[in-house]
Amino acid sequence: MTTTDIDPYHHLHDENFADAYARGRVGATAMVTMAGRAATSLDGAWTFVLDLYDEGLRQRWFADQVAPVETWAAPRDYDGGGWQTITTPSSWNMVRPEWFYFEGGAWYGRTLQLDPIVAGEHVLVRIGAANYEARVFLNGRFVGSHRGGSTPFFIDITAAARAGENWLLIQVDNRRRSDRVPMHHTDWFNYGGLYREISLVRLPAVFIRDFAVMLAPGTDGQRVRAEVSLSAPLDAEAVVSIAGLGGPWRIAVKGGKGTLEFDARPELWSPDAPKLYDVSLSCTGDTVRDRIGFRTLAVRGEHILLNGQDLLLRGICVHEDDVDHGKVSSDDDIRRRFAHAKALGCNFMRLAHYPHHERAAEIADEVGMLLWEEIPVYWAIEFANADTYADAENQLHELIRRDRNRASVIIWGVGNENADTDARLSFMGRLADAAKKADPSRLVSAACLINRETFAIQDRLTEHLDIIGINEYFGWYEPDFEGLRRLLKNSRPGKPVIITETGADAVAGSRGSDTTFFTEDKQAAVYREQLSILATADYVRGICPWILYDFRTERRQAALQQGWNRKGLLAADKTTRKLAFDVLADHYRRLADTEH
Ligand code: GCB
């Protein structure tokens, strides 16, 4: 059906216009490892129109062939969008002032030149991230959709593709809704669009879908485990090599899956010595290559062990947010974040509150930074909604699949500041268990709230967690620090605790009394007091204050905020340090000195 169809008014009366696109939804199981693969970038200029009323889906704009007006059989409301372009990756909010507050659907279009498709070959479009829902069309046909604003997805376009010129359309919808992950209420800006890289991937008839190479759990660094899964349930042999460690080793693949453990004693990866090995894995003519670090990770009582050694996490939280580029992160941005964290003396970062760009974990592997990665199960998610759960679990699996070979990633965070209700316990307990099952080599945590009745670290979810994350803002939202002392005294967590957030706002350059809100002096005073009180609790095995840089958020509208959360240790210019930066840096320096 096209806009020229028999009843030209049908779409005016059809409110179920979006249902058809839920059927082709892709998720974690459609992902493909990109390790060392060749891909063609589809970034650059795309045609672009905003579509506040969803006319594109209602009228099926994608079904009309782009053609000159002289050839039209009926009037159209869309003709390819070529009158306006946008460059990807980008957050549309930052491209034009009049798009800043736009929340809704938008259409991206471009041509795609394809060489003839070889029999059996798979042609995929990989989208690094689209916030929040994306629907993809090729040559007038719907080819797949995706939910979740921060994880990559793959759309197989083989059946709709043709040699020569193709027309690719992507509708991206960033509307906030109560049943999404996150829901409509967050403390960060809801940037929209295709804000991470897009590429075209061509794969052989049978390809390596996924692989993992790690230290075999429980063997204290003496053995390596390799896992592989293929795109088809074949019996085959996979060959894995690790430069400098011997091999190759041969994995018997049965029904498309294979696992092997073998003796190898790699030098261990740590933030101080981030040793990476060149790993390659081949099977049925397909080869993937990666640089992989090996380390062990465990929890014993209230302690975290990295390579068998007691680990104290000196952390800082960070958002993906940029004054000029919104949620787009370049390698330079990511490296600057790590450089600032290193200048603070950090060995750990919490990548809040959603999966960050995949380059973050790759670069962290290289520069030596431990990471907490999380999914946006934030505040009052619809915990009783099965569809919301499916979305959250899919985002978790997509994140794990994407980053499972990154030694730097030590913790999967399954949520942030969620009230301890039965529905939440069931939802997040299942998520934590799913993370453990999918990846037994890492620790699972969540940023929890304190129990207000017992005034203690007590949350029913902790039964499912390896590490308890606690967000607390004594000295800021709760001005009296006595509460923090009482909390720490009342608590017997029995597991390691990380203070996953604490902090205070300060307008960069604003000096004055250390009791006046929003001065740098007050922020520094809050840090001093927090750090000295937290040092008294043995079970606090890490601190991760909120936050490295000021970031945009529509929740904050006081004159001193004007749409910004000012809890950064640096201003939004990512250059101006506030007083508290040095307070934390001094504290971490002393901690690191006592460790060595
Ligand atoms: C929190 C949230 C974080 C907010 C922060 C704040 O507890 O987890 O997303 O931005 O507090 O500044 O209030």
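Here is a quick tour of one chain, from its overall build down to a few single residues. The model is predicted. The chain carries 8 helices and 32 strands, and its 596 residues give a radius of gyration of 25 Å, which agrees with the value near 25 Å for a compact globule.

**Overall build**

- Along its principal axes, the C-alpha trace runs to about 75 × 60 × 45 Å.
- Buried residues make up 59% of the 596 in the chain.
- If you take the contacts with a separation of 6 or more, 73% of them come from residues 24 or more positions apart.
- The accessible surface is about 23400 Å², and carbon and sulfur atoms own 50% of that.

**Helix H2 (residues 331-344)**

- H2 has 14 residues, which should span 20 Å at 1.5 Å a residue, and its end C-alpha atoms are indeed 20 Å apart.
- Which residues of H2 are buried? They are Asp333, Ile334, Arg337, Phe338, His340, Ala341 and Leu344.
- These buried residues sit on the same side of H2, because they cover an arc of only 160° around the axis.
- The cover over them includes strands S23 (313-318), S24 (348-351) and S25 (370-374), along with helices H3 (358-367) and H8 (579-595).
- Right after H2 comes Gly345, with a positive phi near 90°.

**Helix H4 (residues 386-403)**

- The same check works for H4: its 18 residues should span 26 Å at 1.5 Å a residue, and the end C-alpha atoms are 26 Å apart, which agrees.
- The buried set in H4 includes Tyr389, Leu396, Leu399 and Ile400, and charged names such as Asp391, Glu398, Arg402 and Asp403 are also among the buried residues.
- What covers the buried residues of H4 includes strand S8 (141-147), strand S26 (409-416) and helix H5 (422-438); H3 and S25 are also part of that cover.
- At the N-terminal end, Asn385 acts as a cap for H4, with a side-chain oxygen 2.8 Å from the backbone nitrogen of Asp387.

**Arg350, in strand S24**

- Is Arg350 buried or exposed? Arg350 counts as buried, with a relative accessibility of 0%.
- Arg350 is in strand S24, one of the elements that cover the buried residues of H2.
- The side chain of Arg350 makes a polar contact of 2.7 Å with the side chain of Glu374 and another of 2.8 Å with that of Asn416.
- Leaving aside neighbours within four places in sequence, the residues in contact with Arg350 include Ile316, Cys317, Val318, Trp372, Ala447, Asn471, Thr500, Glu501 and Cys544.

**Two polar residues in helices H7 and H8**

- Asp521 belongs to helix H7 (residues 520-534) and counts as buried, at 14% relative accessibility.
- A polar atom of the Asp521 side chain lies 2.9 Å from the backbone nitrogen of Gly512.
- Beyond its neighbours within four places in sequence, Asp521 is in contact with Ser510, Arg511, Gly512, Ser513, Asp514 and Leu579.
- Thr594 is in helix H8 and is exposed, with a relative accessible area of 65%.
- The side chain of Thr594 reaches back to the backbone oxygen of Leu591, at 2.7 Å.

**Backbone geometry to look at**

- Where are the cis peptide bonds listed here? One runs from Asn131 to Tyr132, with omega near 5°, and another joins Trp546 and Ile547, with omega about 25°.
- Tyr132 is in the loop between strand S6 (130-131) and strand S7 (133-138), while Ile547 is in the loop between strand S30 (540-543) and strand S31 (551-552).
- Glu417 is not a glycine but has a positive phi, near 50°; this residue lies in the loop between S26 and H5.
- Glu417 is buried, with a relative accessible area of 17% against the cut-off of under 20%.
- Gln562, also a residue other than glycine, has a positive phi near 50° and lies in the loop between S31 and strand S32 (564-565).
- Gln562 is exposed, with a relative accessible area of 57%.

Definitions and conventions. Residues are numbered from 1 along each chain as its sequence is written. This is a predicted model: local features need pLDDT of at least 70, side-chain atom pairs count only at pLDDT 80 or more; totals for chains, interfaces and linings use all residues. Side-chain values use heavy atoms; hydrogens and water are left out. Helices (H or I, at least four residues) and strands (E, at least two) are DSSP runs, numbered from the N terminus. The expected span of a helix is 1.5 Å times one less than its number of residues. Buried means under 20% relative accessible area, exposed over 50%, partly exposed in between (1.4 Å probe, protein chains only). The arc is that of the directions from the helix axis to the C-beta atoms. Contact means heavy atoms within 4.5 Å. The radius of gyration is taken over C-alpha atoms; the globule rule is 2.2 Å times the number of residues to the power 0.38. Accessible areas come from the Shrake-Rupley method with a 1.4 Å probe; for residues, only the protein chains shown count as cover. A polar contact is a pair of N or O atoms within 3.5 Å; within protein, one must be able to donate a hydrogen and the other to accept it, and residues adjacent in sequence count only if both atoms are side-chain atoms.
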